[in-house]
Structure formats: C-alpha cells, structure tokens
Amino acid sequence: MSSQMKAGLVALGCTLALGCAPPTYEDAGDGGAEAIVPDHVLPSRPETLNWGWYPIDREPVLRIASGETVRIQTLTHVGATQNEDPVEFLTGLGVPREEILEDVIDFWASRDDRPREGRSGHVITGPIHIDGAEPGDMLEIRILDIETRVPWGVNSTSGRGGIFSPSYPGAAPEDEPLDIPAGRHLIRTGEVDGREVAFFSPEIQVPLAPFMGILAVAPDPVVGEPGVTVEGVQGSRPPGPFGGNLDVKDLTAGTTVYLPVFHPGALFYAGDPHGAQGDGEVSGTAIEQSLTGVFRFVLHKGVSIPAPRAETDTHYLIMGIDLDLNRAAREAVRLVVEFLTEEKGLAPDKALSLASIAVDFRVSEVVDLTQVVTGFIPKSIFLEA
C-alpha cells in the first residue's frame with residue numbers, strides 16, 4: 001500500500017486497501033437492510049434534480065458530515081423527459097396511473113426552465129456536500145441498500161441504437177442497419193419465491209439486481225473532452241474520472257465505490273437507476289426503473305486515486321475508461337498493475353503476470369461514448385489475514 005493511502009486509512013482506523021471494509025448490514029442493526037435508519041433523506045423533487053449534467057457551482061441540496069448516511073430517491077428518465085404529457089406517455093406504454101410517481105409529473109412540469117445545451121438525458125439527484133472534502137481527497141460511498149420504487153421499468157431497442165448506432169465508436173460506414181424496429185418495452189417486476197425478478201415474458205424471468213448507473217462527484221469539465229461542449233458543463237452521458245454514468249452492474253447493495261474529489265465538498269450525485277442490466281448495456285438502456293438507495297459517505301483526507309474504483313466482499317474492481325474499447329481495456333490493465341504494485345507490494349512484472357492469470361477483465365458498458373472495462377481482482381488469492 002502506498003504511504004499516502006496508508007496514512008489516510010490508518011487515520012480512519014481502516015485496514016483494507018482502497019478504504020474501510022466493504023459495508024455489511026451491521027450498519028443497519030439486527031434487522032438487516034430494512035432496519036437502516038438514515039441520518040438524512042433526499043427526495044427526488046424538482047428542486048433536488050438536474051437534467052443531464054453535474055453542476056459544479058450549484059448550491060448543495062444537502063450538507064452532511066463524513067460517516068453519515070443518506071436515503072436518496074432517484075427517477076428514471078422514462079416518462080420524465082419526453083415532450084408528451086407523462087401520464088399519457090406512461091399509460092400508453094401500459095403503466096397504471098396509480099404507479100406513476102408524482103415526482104415524475106412534477107419534474108416533467110419543470111422542464112422548460114432547465115438549460116439543455118451540452119446536457120444529456122439522465123435525471124440526477126444532488127448535489128450532496130460532504131463537509132471537509134477538498135481536491136486531492138477520496139470519497140468512499142458505501143451502498144447499504146437499493147430498492148425499487150415502482151413495479152415496472154422500460155427498456156428501449158432499435159436497429160440503429162445502442163451498439164448498432166452509427167455514432168458507436170466501432171461503427172463503419174458500410175455497416176447495414178439491422179432490421180430491428182424501434183420500440184419501448186414495458187417490463188413488470190415483482191417478487192417470486194422471496195426474490196425480485198423482472199417478468200420479461202411468460203417463459204423468462206430475469207433476477208433483479210438494482211443499481212445506480214450514475215454515481216458521481218462534481219467533475220472538472222474541459223471543453224473538448226468527452227461530453228463537454230459547453231464551458232463548465234459536463235454532459236451526463238460519458239463516464240470519466242469523476243465517476244458518472246459508469247453503468248457497472250456490480251455496484252449493487254453491499255458494494256463500496258471510491259471516487260477522487262475535484263471540488264470543495266465533493267458534490268455527490270446519483271441517478272440513472274436500473275433494475276437489471278447485462279454487461280455492455282448493448283441496446284443503450286437497461287431496465288430503466290426508479291430506485292431509492294441508502295448510502296454511507298466516508299471522506300479520506302489526502303488519499304488520491306486516479307480513477308473510480310469499487311470493492312465487494314469478494315473482489316476489487318478497477319475501471320478503465322476511454323473512447324476506444326481497446327484503449328479502455330489497456331487502461332484497466334494498467335490500473336490493475338498499478339493497484340497490485342502500490343497496494344499489494346508486487347513488482348510490476350509480477351503484477352502483470354498476476355493480472356493475466358487471475359484477474360477477469362469485463363466489458364461493463366459500450367454505449368455511452370466513453371467505454372468501461374472493469375478488472376475484477378479476486379480477494380481470495382491474497383492469503384494475508
């Protein structure tokens with residue numbers, strides 16, 4: 001472990017590389033996730049929501065201390081951002097009126113007062129100011145619980161969308177469009193035998209694994225970088241060093257995420273909620289489904305990391321991000337080698353050897369301009385106590 005990170009973690013009484021031990025529901029008491037009583041609740045109201053960007057100078061909607069927990073409500077963009085009235089739009093897809101959140105209707109009514117230039121389509125809750133956070137620090141986000149707010153989600157498909165879009169980095173001029181009609185698919189969700197599932201069809205049930213596609217701190221946008229066409233405005237489509245639209249499906253309850261801090265207070269955002277997603281998110285969307293999450297925020301002073309990282313009970317997750325999928329894979333391997341060298345004490349050649357024989361590199365998403373490859377380092381291979 002680097003001396004800088006070790007000093008920061010010792011000060012917090014932590015022993016694991018990347019941060020404190022991954023969260024368990026001991027935080028919640030004997031009752032498990034259902035017993036979590038957060039220090040703060042942040043609703044998804046028009047005044048707490050942003051449309052397609054991460055303001056770097058907006059007055060925080062909540063201020064908290066390191067170590068505190070927040071229950072954050074999020075909204076899917078489906079039904080909240082189209083031109084058509086949300087009730088007409090969603091009931092037209094088959095959503096019963098009583099299952100349409102009033103937050104969706106109220107956000108939709110606020111659209112005309114929101115800037116759009118350089119922005120993307122996500123609905124994002126925040127920012128949350130973490131007291132004492134400064135550039136050069138690291139923010140630890142423990143995901144304690146994530147639950148669905150409504151029993152439905154929507155997935156969209158098109159023969160010229162997602163990975164088949166002409167704007168996909170791997171597209172070629174000679175590619176013929178696929179004969180797949182554009183459509184939105186309402187997918188009901190519910191519980192079967194004690195587990196939540198998506199009822200894809202009468203013959204197919206997909207286990208739910210809800211997660212936030214977007215977990216971000218306020219970025220440092222530079223015109224010309226991915227998603228930045230207007231000075232000071234980072235569009236929410238591409239992820240980056242600040243986190244953002246990572247769409248790493250493994251960032252479910254029980255996982256801890258680590259982000260570098262770029263602005264005072266860190267200014268944390270969450271959104272793009274998903275009920276379930278496959279690696280790649282190849283159609284361009286997952287099951288887009290409004291969620292509520294409970295998060296504990298821990299600030300690590302003077303601990304610097306180059307890019308988003310995460311940690312589960314079983315793996316370290318190291319993310320490589322680039323416009324080109326091959327470059328994203330290369331960056332993921334480079335960062336895994338750096339992690340194994342700095343945090344596990346391996347020589348660089350041994351680190352690369354271990355990366356090749358023990359680390360799985362998975363394509364997390366390929367449809368958000370910049371692409372994400374995640375290296376999964378199994379904790380079981382390290383025999384230290």
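**Empty space, a buried aspartate and a two-sided helix**

The largest cavity holds about 40 Å³ of space. This is a predicted model, and a search through the whole of it turns up one cavity of 30 Å³ or more. As for what surrounds that space, the lining is made up of Gly162, Ser167, Tyr168, Pro169, Arg237, Val366, Val367 and Leu369. Sorted by character, the cavity lining comes out as five nonpolar residues, two polar and one charged.

Next come the pockets. The largest pocket takes in about 540 Å³ of space, and 29 residues line it. Nearest the centre of this pocket sit His77, His122, Ser156, Gly284 and Thr285. Which strand gives the most to the lining of the largest pocket? That turns out to be strand 7, which spans residues 152-157 and supplies three residues. By character, the pocket lining splits into 18 polar residues, seven charged and four nonpolar.

Away from these spaces, Asp137 is worth a look. Asp137 sits in a loop, with strand 5 (123-130) on one side and strand 6 (138-148) on the other. Is Asp137 buried or exposed? With a relative accessible area of 5%, it falls under the 20% cut-off and so counts as buried. The side chain of Asp137 has a polar atom 2.8 Å from the backbone nitrogen of Gly302. Gly302 is also one of the residues that Asp137 touches once those up to four places away in sequence are set aside. Leu299, His300, Lys301 and Val303 are on that list too, along with Leu259, Pro260 and Val261, and Gly132 completes it.

Helix 5, running over residues 348-358, has buried residues at Ala351, Leu354 and Ala355. Why do these count as lying on the same side of helix 5? Because the arc they cover around the axis is only 105°. The other side of the helix has exposed residues, namely Asp349, Lys350, Ser356 and Ile357. As for what the buried residues of helix 5 pack against, the partners are helix 4 (325-344) and strand 18 (360-365). Put together, helix 5 has Ala351, Leu354 and Ala355 buried, with packing against helix 4 and strand 18, while Asp349 and Lys350 are among the residues exposed on the other side.

Note on methods
Residues are numbered from 1 along each chain as its sequence is written. This is a predicted model: local features need pLDDT of at least 70, side-chain atom pairs count only at pLDDT 80 or more; totals for chains, interfaces and linings use all residues. Side-chain values use heavy atoms; hydrogens and water are left out. On a 1 Å grid over the protein atoms alone, a cavity is a set of points where a 1.4 Å probe fits but cannot get out, and a pocket is an open set with protein on both sides within 12 Å along at least five of seven lines; lining residues have an atom within 4 Å of a point. Grid points are joined across faces, edges and corners, and a volume is the space filled by probe spheres set on the points. Helices (H or I, at least four residues) and strands (E, at least two) are DSSP runs, numbered from the N terminus. Ala, Val, Leu, Ile, Met, Phe, Trp, Tyr, Cys and Pro count as nonpolar, Asp, Glu, Lys and Arg as charged, and the others, Gly among them, as polar. Buried means under 20% relative accessible area, exposed over 50%, partly exposed in between (1.4 Å probe, protein chains only). A polar contact is a pair of N or O atoms within 3.5 Å; within protein, one must be able to donate a hydrogen and the other to accept it, and residues adjacent in sequence count only if both atoms are side-chain atoms. Contact means heavy atoms within 4.5 Å. The arc is that of the directions from the helix axis to the C-beta atoms.
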